[in-house]
Amino acid sequence: MNGKTYTLLAAAIAIAVMAMYGVNVVRASSTPTVTIIEAIPSTVIVSPGVPIWNPYAPGNLIGTVGTYMPLALYNPVTAQFYPVLAKSWAMFPQNKTLVIYLRHDLYWFNGSAVMPFTAWDVYAQFYIGVKAFGWYVPFLNQSLVDEEIRVLNNYTIEFIFYEWSPQQPYYILTSWIETPWPVWKWAVDALKTMNVTQAMVFGSNNITKFVAPYWALSPYYVTYVSPTYQTLELEPMYYNGVPLLASWIKIFPFEDWYIYPKYTKWWIGGNTQAMTAFLARKANLGFIGLSLQQEATLNASGFGEYNGPHYATNGYTLNPNIYPFNIPQVRQAFCYIINRTAASLAWGGLYTPDPYPVPVANFPPSIESYPSSVWSIVTPCSTNWTKAAQLLESAGLYKKNGQWYLPNGTPLTVTLIAPSGFTDWMTFTSVVATTLSQFGIKTTLLGMDTATYWSTIFPNGEYEMAITWLTWSRGYGDFGFLSWPFWTFPAFNLSKAWPFQWPNGTCTPVTISSLPGFTPPNGTIVWCVNSTFGYINLTNWNIVFAATAPGMPQYNELLKVLFAWYEYYMPVIPNLTQNQQFNYDPSDFDITWWVKCLTLFSWVPFVQGPWGESLPIMLWNAAFGAIAPPGVVPPLVEAAANGSLWKIDPQLASFLGWVPDKTVNLACLSSYFHIPYTPVATTTTTTTTTTTSTSTTTTTSTTTTTTTTTTTPVTTTTTSTTTTTTTTTAVSTVTSTATVTSTATTTAVSTTTAVTTVTVTKPVISTALIAGIVIIVIVVAAVAAVIALRRR
């Protein structure tokens with residue numbers, strides 16, 4: 001994960017960071033600043049007295065404004081972390097323990113006061129979440145939370161899991177911290193006197209209603225909020241002598257936030273309104289979903305657009321609690337009725353037809369990243385009305401005079417709803433409705449107010465057929481969505497058993513009774529009534545899957561079960577895979593170099609944001625130093641061109657997947673920005689370092705192939721043999737291997753010794769696959785909206 005920072009190395013990095021910061025100051029004096037105004041084609045509700053800064057309250061604005069930082073970022077494409085609030089961490093599976101070491105000199109800020117960030121803030125967040133709201137159950141135990149979450153000192157926090165899961169640390173490490181200890185201490189103190197039942201009631205009745213004051217924990221803070229606008233501004237370098245932005249710059253040494261000191265989110269209501277804002281020069285950024293004709297209008301006015309893989313697929317869910325949509329064959333029939341090509345063309349072909357009835361986006365990198373044993377069971381849906389008719393007839397329906405009827409003679413009709421503010425969705429959904437009617441199922445399309453749709457109608461299952469997301473998954477290593485895909489069809493009650501059948505028409509039971517470090521409370525996933533039919537318990541599936549990790553055989557088996565259920569019961573009928581689409585003012589943002597000089601996966605975080613993000617995407621690009629107006633060389637580009645990236649922040653290079661002249665073309669960068677570059681030739685060397693420190697626990701290193709760690713209660717001695725890639729220009733490139741083996745020996749106070757060897761296999765995407773990706777940059781529509789859901 002993160003290695004020790006030795007004294008000499010820390011000094012060298014500090015000097016390098018100060019030098020880089022000095023360059024930034026010079027640039028700041030000559031570079032014009034840009035105010036980002038993002039036109040968002042949706043609405044947000046802000047009512048007086050509502051606890052909008054309470055992370056436990058429904059409808060809060062924590063994620064909307066994005067002024068909170070995670071403990072760490074995670075890039076599922078590279079399977080690498082980047083530490084933010086945490087400087088390092090250590091996992092001890094044999095002791096079911098995660099220890100997190102936090103950075104010093106970070107502060108909460110609200111515009112007029114500061115508070116230091118400590119481990120107690122993290123403690124409050126997770127203590128309340130676990131005891132009052134059941135986060136991480138069963139891996140953390142609500143009744144044992146006082147022993148499971150412990151503050152060791154002001155900058156060290158320990159999690160001792162009731163049951164170990166290799167997945168859960170990912171969610172903890174990528175969590176935003178939003179709970180200043182002085183604000184939330186009252187809740188922790190109250191919960192400590194309660195049993196679990198009392199705590200859950202207290203959480204619902206008291207904690208969720210608490211109107212917490214606003215505090216930011218990021219380089220930006222909110223200066224204005226209303227139902228229409230939220231304005232973020234860059235923190236001062238120092239406030240009353242306390243380092244604010246100065247501390248964040250140490251974490252992100254290539255940042256160029258000074259170019260973008262102000263960010264306004266404009267919740268404008270719909271796609272067309274957002275386009276109008278662009279044409280009036282009142283917005284310069286938007287994920288707004290326009291037609292080809294509208295895009296052409298924007299192009300003629302000087303605006304640019306980007307189109308690339310987004311890994312989000314939309315589809316249609318039929319309410320499974322309404323007859324005949326509770327019959328699998330009826331649901332399957334809809335998958336063969338829809339004409340996805342026609343739906344795509346209705347919006348200018350700016351969406352890709354997606355026939356796969358499983359939570360995987362129709363992009364080759366996503367599809368091909370799954371093992372063949374998983375992917376081989378998936379059968380795509382083609383437009384096949386003959387097969388659709390056979391499926392309906394097998395369920396007892398019949399067709400007469402061009403109209404389908406239920407067995408009792410009632411015509412089969414459907415009301416299909418969609419959010420009216422999503423012009424693109426409404427347009428291609430109208431084609432889907434027409435197709436269903438032509439097939440003989442009279443369909444009425446009803447556009448609902450966007451805010452009402454997502455906040456009330458859809459989550460409460462008040463529909464017959466509704467458009468939703470099918471997936472937001474970038475591939476095999478992006479297990480965040482797969483761990484909890486069920487938010488896309490809330491009408492499904494997870495406590496209820498749902499019909500199951502394997503794609504070959506058989507039923508065989510699936511039971512996983514144990515996993516390393518974890519015994520499921522109920523490992524029955526699939527049970528069979530006979531040889532062709534059975535049921536699946538989605539709750540059990542989710543709990544067991546959360547105790548696995550990519551590369552484990554149980555992980556693959558559970559993926560096969562999930563994919564088989566998706567194909568059989570069709571919880572969401574697949575429709576179109578969305579592209580990452582946004583419009584921007586090219587005089588404020590130069591993104592062309594991403595497409596010209598980087599391979600696809602090496603700039604995915606720039607367009608989608610990393611896992612754990614809270615800041616808006618463009619502000620993350622400023623954090624990485626990857627965005628600037630035309631004529632300004634982004635600091636990340638300059639660092640790559642002169643080779644300093646791999647010396648100053650090798651962990652960022654590893655996180656992004658930047659390998660000189662493999663995933664990032666240095667000559668291209670030099671040519672594009674008219675700057676010199678230093679070719680980075682690599683050789684492999686092996687170094688051994690031994691360090692002794694007065695620490696109680698030793699962190700692991702992300703650059704270590706084999707690490708042996710001995711831990712005692714007083715003094716820690718670490719001996720590590722590290723194989724790294726070192727450049728001829730004294731630039732060190734961090735290279736991640738597919739398999740990391742860690743052997744840890746721990747001596748407890750009682751002098752008992754436990755020795756465990758843990759092997760973690762990470763997904764690897766071949767260079768040939770990456771090189772084979774074709775990037776298309778054309779006139780595009782923009783994303784209507786992204787539902788940002790946070791896994792707890």
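This tour moves through the structure one selection at a time and says what is there at each stop.

**Before you start**

The model is predicted, so local features are described only where pLDDT is at least 70 and side-chain atom pairs only at pLDDT 80 or more, while totals for chains, interfaces and linings use all residues. Residues are numbered from 1 along each chain as its sequence is written, and side-chain values use heavy atoms, with hydrogens and water left out.

**The whole chain**

Begin with the whole protein chain, whose secondary structure comes to 28 helices and 33 strands; here helices (H or I, at least four residues) and strands (E, at least two) are DSSP runs, numbered from the N terminus. Of its 792 residues, 59% count as buried, where buried means under 20% relative accessible area, exposed over 50%, and partly exposed in between, with a 1.4 Å probe and protein chains only. A contact means heavy atoms within 4.5 Å, and among the contacts in the chain with a separation of 6 or more, 73% are between residues 24 or more positions apart.

**Two hairpins**

Select residues 72-75, which are strand 2, together with residues 80-83, which are strand 3. These two strands pair in the antiparallel sense over 4 bridges, and two strands are said to pair if DSSP finds at least two bridges between them. Together they form a hairpin with 4 residues between the strands, and Ala79 in the turn has a positive phi of about 60 degrees. Leu73 has Tyr82 of strand 3 as its bridge partner. Within strand 3, Gln80 and Tyr82 point one way while Phe81 and Pro83 point the other way, and all of them are buried.

For another hairpin, select strand 10 (residues 220-225) and strand 11 (residues 229-234), which run antiparallel and are joined by 5 bridges. This hairpin has 3 residues between its strands, and Val222 stands opposite Leu232 in strand 11.

**A loop residue and two buried ones**

Now select His104, in the loop between strand 5 (97-102) and strand 6 (107-109). His104 has a relative accessible area of 45%, so this residue is partly exposed. Add Pro116, which is 12 residues from His104 along the chain, and the two C-alpha atoms are separated by 8.6 Å.

Go next to Leu191 in helix 6 (residues 181-191). Leu191 counts as buried because its relative accessibility is 0%. Leaving aside residues up to four places away in sequence, Leu191 touches Tyr127, Ile128, Lys131, Ala132, Ala199, Phe202 and Ile207. With Ile128, Leu191 has a C-alpha to C-alpha separation of 7.7 Å, although the two are 63 residues apart in sequence.

Then select Asn314, which is found in strand 16 (residues 304-318). Asn314 is counted as buried because its relative accessibility is 0%. Beyond residues up to four places away in sequence, the residues that Asn314 touches include Tyr351, Trp425, Trp469 and Asn575.

**Two helices**

Select helix 17 (residues 450-457), in which Thr450, Ala451, Tyr453 and Ile457 are buried. The cover over these buried residues includes strand 20 (413-419), strand 21 (442-448) and strand 22 (465-472).

Move on to helix 27 (residues 666-673), whose buried residues are Leu666, Cys668, Leu669, Ser670 and Phe673. These buried residues pack against helix 21 (592-597), helix 24 (635-641) and helix 25 (645-648). At the N-terminal end of helix 27, Asn665 acts as a cap, with a side-chain oxygen 3.1 Å from the backbone nitrogen of Ala667. Just after the helix, His674 takes a positive phi of about 55 degrees.

**An open sheet**

Look next at 4 strands that form an open sheet in the order 23-26-25-24, with antiparallel pairing. Strand 23 (498-500) and strand 24 (510-511) are the edge strands, each pairing on one side only. Strand 23 is joined by 3 bridges to strand 26 (residues 534-536), and Phe500 stands opposite Gly534 in strand 26.

**The cavity**

Finish by selecting Trp53, Tyr68, Glu178, Pro180, Trp184, Ala212, Pro213 and Trp215, which line the largest cavity. A cavity is a set of points, on a 1 Å grid over the protein atoms alone, where a 1.4 Å probe fits but cannot get out, and lining residues have an atom within 4 Å of a point. The volume of the largest cavity is about 40 Å³, a volume being the space filled by probe spheres set on the grid points, which are joined across faces, edges and corners.

Key:
On a 1 Å grid over the protein atoms alone, a cavity is a set of points where a 1.4 Å probe fits but cannot get out, and a pocket is an open set with protein on both sides within 12 Å along at least five of seven lines; lining residues have an atom within 4 Å of a point. A polar contact is a pair of N or O atoms within 3.5 Å; within protein, one must be able to donate a hydrogen and the other to accept it, and residues adjacent in sequence count only if both atoms are side-chain atoms.
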